[in-house]
Amino acid sequence: MFKHVKRQTAFILLLFTLLMTMSTAFATTYVGSIKSDKFHYTYCRYADRIYESNKIYFSSRDEALNSGYIPCKVCRP
C-alpha cells in the first residue's frame, strides 16, 4: 500500500512541477540579452544562442519595446 501512495505522491509532484514550468514558459513569450538591444521569440534560433545568465524575459512585446529593445529581423516578434 505504501509503495502505491509514494508513486502517487511522486507523480503528483512531477505533474505540478511540469505545469509550473509550462506556465512560466507561456507567460514569458519574449527574450532578449542584457548585452544586446534585440528581443526574440523564445523559440528563435538566435534566442537559443544567448547564455542563460544574459537572458532577460518579457511578458509582452510592448514591455520589450518600452525597455529599449528592438525586434529580431529573423523571427519578427
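Accessible areas come from the Shrake-Rupley method with a 1.4 Å probe.

**View 1. The whole chain, for orientation.** Welcome to a predicted model, in which the protein chain exposes about 6,200 Å². Carbon and sulfur atoms supply 62% of that exposed area. The chain has two helices and four strands, and reading along the sequence gives the pattern α-β-β-β-α-β. Of the 77 residues in the protein chain, 21% are buried. Take the contacts between residues at least 6 apart in sequence: 51% of them join residues at least 24 apart.

**View 2. The four-stranded sheet and its edges.** Here the strands form an open sheet, and their order is S3-S1-S2-S4. The pairing in this sheet is mixed. Strand S3 (55-58) and strand S4 (70-71) each have a single partner strand, so one side of each has no neighbour in the sheet. These two strands stand at the edges.

**View 3. Where S2 meets S4.** Move in now on strand S2, which spans residues 38-41. In which sense do S2 and S4 pair? They pair in the parallel sense, over two bridges. One residue to pick out is Lys-38, whose bridge partner in S4 is Ile-70.

**View 4. The salt bridge of Asp-37 and Lys-38.** Staying with Lys-38, this view turns to side chains. Those of Asp-37 and Lys-38 meet in a salt bridge, at 3.8 Å from N to O. Side chains of opposite charge can pair when their charged atoms come close. Asp-37 counts as partly exposed, at 39% relative accessibility. Lys-38 is also partly exposed, with a relative accessible area of 33%.

**View 5. The salt bridge of Lys-55 and Glu-52.** A search of the whole structure finds two salt bridges, and here the side chains of Lys-55 and Glu-52 meet in one of them, at 3.5 Å from N to O. Is Glu-52 buried or exposed? Glu-52 is exposed, because its relative accessible area of 55% is over the 50% cut-off. Lys-55, in contrast, counts as partly exposed, with 22% relative accessibility.

**View 6. Asn-54 and the residues it touches.** Look for Asn-54 in the loop between S2 and S3. Asn-54 has a relative accessible area of 13%, which is under 20%, so this residue is buried. Which residues does Asn-54 touch, not counting those up to four places away in sequence? They are Gly-32, Ser-33, Ile-34 and Lys-35.

**View 7. A nonpolar patch on the surface.** Three residues make up this patch: Phe-11, Ile-12 and Leu-15. Together they have about 320 Å² of accessible area. Phe-11 lies in helix H1, which covers residues 2-27. With 55% relative accessibility, Phe-11 counts as exposed.

**View 8. The backbone at Arg-76.** For this last stop, follow the chain into the segment after S4, where Arg-76 is found. Most residues other than glycine have a negative phi. At Arg-76, though, phi is near 50°, a positive value in a residue other than glycine. Arg-76 is exposed, with a relative accessible area of 65%.

Key
Residues are numbered from 1 along each chain as its sequence is written. This is a predicted model: local features need pLDDT of at least 70, side-chain atom pairs count only at pLDDT 80 or more; totals for chains, interfaces and linings use all residues. Side-chain values use heavy atoms; hydrogens and water are left out. Two strands pair if DSSP finds at least two bridges between them. Buried means under 20% relative accessible area, exposed over 50%, partly exposed in between (1.4 Å probe, protein chains only). Contact means heavy atoms within 4.5 Å. Patches are made of residues with over 30% relative accessible area and no salt bridge: like charges are joined within 9 Å, nonpolar side chains (Val, Leu, Ile, Met, Phe, Trp, Tyr) within 5 Å. A salt bridge is a side-chain nitrogen of Lys or Arg within 4 Å of a carboxyl oxygen of Asp or Glu.
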